[in-house]
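The following paragraphs walk through one model, taking its sheets, the helices packed on them and the ligand site in turn. Please keep the sequence and the structure in view while reading.

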Amino acid sequence: MLVRSSSAQESSPAPAAECWSIAVDGIDETGVRDLSGLLDDAERSRAARFHRAEDRRRHVVARCAARVILAAALRRRPSEIRFVTGDAGKPALVDGALEFNLSHSGAFVVIAVSEFGPIGIDVEEIRPMPDRDAIAQRYFHPGEVADLRSLTEPEATLAFFRCWTRKEAVSKALGLGLGLALDDYCVSCLPWEGARLREMAGDAAPGRWSIRDLTLGMGYAAAVAAPVASLELIHRRLDHRALLGGMAAKDFPMHLEF
Ligand SMILES: CC(C)(COP(=O)(O)OP(=O)(O)OC[C@H]1O[C@@H](n2cnc3c(N)ncnc32)[C@H](O)[C@@H]1OP(=O)(O)O)[C@@H](O)C(=O)NCCC(=O)NCCS
């Protein structure tokens, strides 16, 4: 299970979630093949359907790391982890023992694990978006569009991706996929504002949500969201070589310290 630091246990009653980030850019095709050994048949055949090697690599690393991390938390073997997929595509554990979510973009895979209930995570590589304003206008909440319009470069681009990842993290916590209209809820995105849900249609208390930004490195925006009033988020970086080395040792999960 997730173990808090003793100081956090003493001072904070907030629900705790673990978030893991893995840089995938050092993993070659052999590494991807080795990692695929941890996946089940359905995951392997899905991985084989990706046309682009980098998409396959992110998918394999994400599913493999999810297995390893969840197995460590539950004191199981990665092969004992069984996933189901929700109606809108959100993966979950068959027995619901823990909730988790994952995301991948560019050189990063990120995974959030929670013991208190639904959680969503999103990472996006910050990249030029020639149609950025049109996307915001078409999909975002009017409050977000107004905030983005008030900014100039480079803040506007950063704010767009901050907005995107915070929104997507909320959407992924709910697991509704495209079933949740993006203009039905509004997140903060100005550079001087903390991450928060400002409005949610039909919800009189958006303060019941917590959103936390994750710092991954230059060129990335990432956020975690959960329907809880406060959230203690622990971010750990996992070296992909630990995944591979652990597999060779056959007892990798026992070496992961939560
Ligand atoms: C399905 C969706 C959640 C995937 O998001 P994405 O940014 O393309 O990809 P990410 O890497 O962040 O997430 C993909 C992972 O999310 C998980 N996922 C899939 N459907 C999900 C859902 N409905 N809810 C939560 N998680 C989901 C899966 O684990 C998937 O990875 P996998 O297929 O390798 O296992 C997204 O396309 C979606 O439906 N979003 C709705 C909101 C939206 O359109 N936002 C755009 C900008 S704000």
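Two strands count as paired if DSSP finds at least two bridges between them. Strand E9 and strand E10 (residues 220–226) meet that condition, because four bridges join them. The two run antiparallel, and within E10 Val224 is the residue that stands opposite Arg212.

The model is a predicted one. Its chain has a mean pLDDT of 88, with 89% of the residues at 70 or more. Among the weaker parts is the stretch 3–9, where the pLDDT is below 50 and where five contacts are found beyond near neighbours in sequence. Over residues 247–258 the pLDDT is also below 50, but this stretch has 19 such contacts in the model.

The pair E9 and E10 belongs to an open sheet of three strands, ordered E6-E10-E9, with antiparallel pairing. Strand E6 (120–125) and strand E9 (210–213) each have a single partner strand, so each stands at an edge with one side left without a neighbour in the sheet. From one strand to the next the twist averages 15 degrees. Helix H7 lies across E6, E9 and E10, and its direction makes about 150 degrees with E6.

A second open sheet has four strands in the order E4-E5-E1-E11, and here the pairing is mixed. E4 and strand E11 (232–237) are its edge strands, each pairing on one side only. Direction ignored, neighbouring strands of this sheet are turned by 15 degrees against each other on average. Seven bridges hold E4 and strand E5 (residues 108–114) in an antiparallel pair, in which Ser105 stands opposite Phe108 of E5. Helix H4 packs on the sheet and touches strand E1 (16–23), E4 and E5, running at about 30 degrees to E5.

Both helices return at the ligand. Which elements give two or more residues to the shell around the ligand? The shell has 21 residues, the closest being Gly89, Lys90, Ser103, Lys172 and Gly177. Helix H4 (53–74), strand E4 (99–105) and helix H7 (155–174) are the elements that supply two or more residues. H7 gives the largest share, five residues. Sorted by class, the shell holds seven nonpolar, eight polar and six charged residues.

Where does the ligand lie with respect to the domains? Domain 1 (1–117 + 228–258) and domain 2 (126–211) both contribute residues to the shell, so the ligand lies between them.

Notes
Residues are numbered from 1 along each chain as its sequence is written. This is a predicted model: local features need pLDDT of at least 70, side-chain atom pairs count only at pLDDT 80 or more; totals for chains, interfaces and linings use all residues. A residue is near a molecule or strand if its C-beta atom, placed from the backbone, lies within 6 Å of it. Ala, Val, Leu, Ile, Met, Phe, Trp, Tyr, Cys and Pro count as nonpolar, Asp, Glu, Lys and Arg as charged, and the others, Gly among them, as polar. Domain bounds come from an automatic or database domain assignment. Axes are lines fitted to C-alpha atoms, for helices over the stretch in contact, and angles run from 0 to 180 degrees between N-to-C directions. Two residues are in contact if their C-beta atoms, placed from the backbone, lie within 7 Å. pLDDT is the predictor's confidence in each residue, from 0 to 100.
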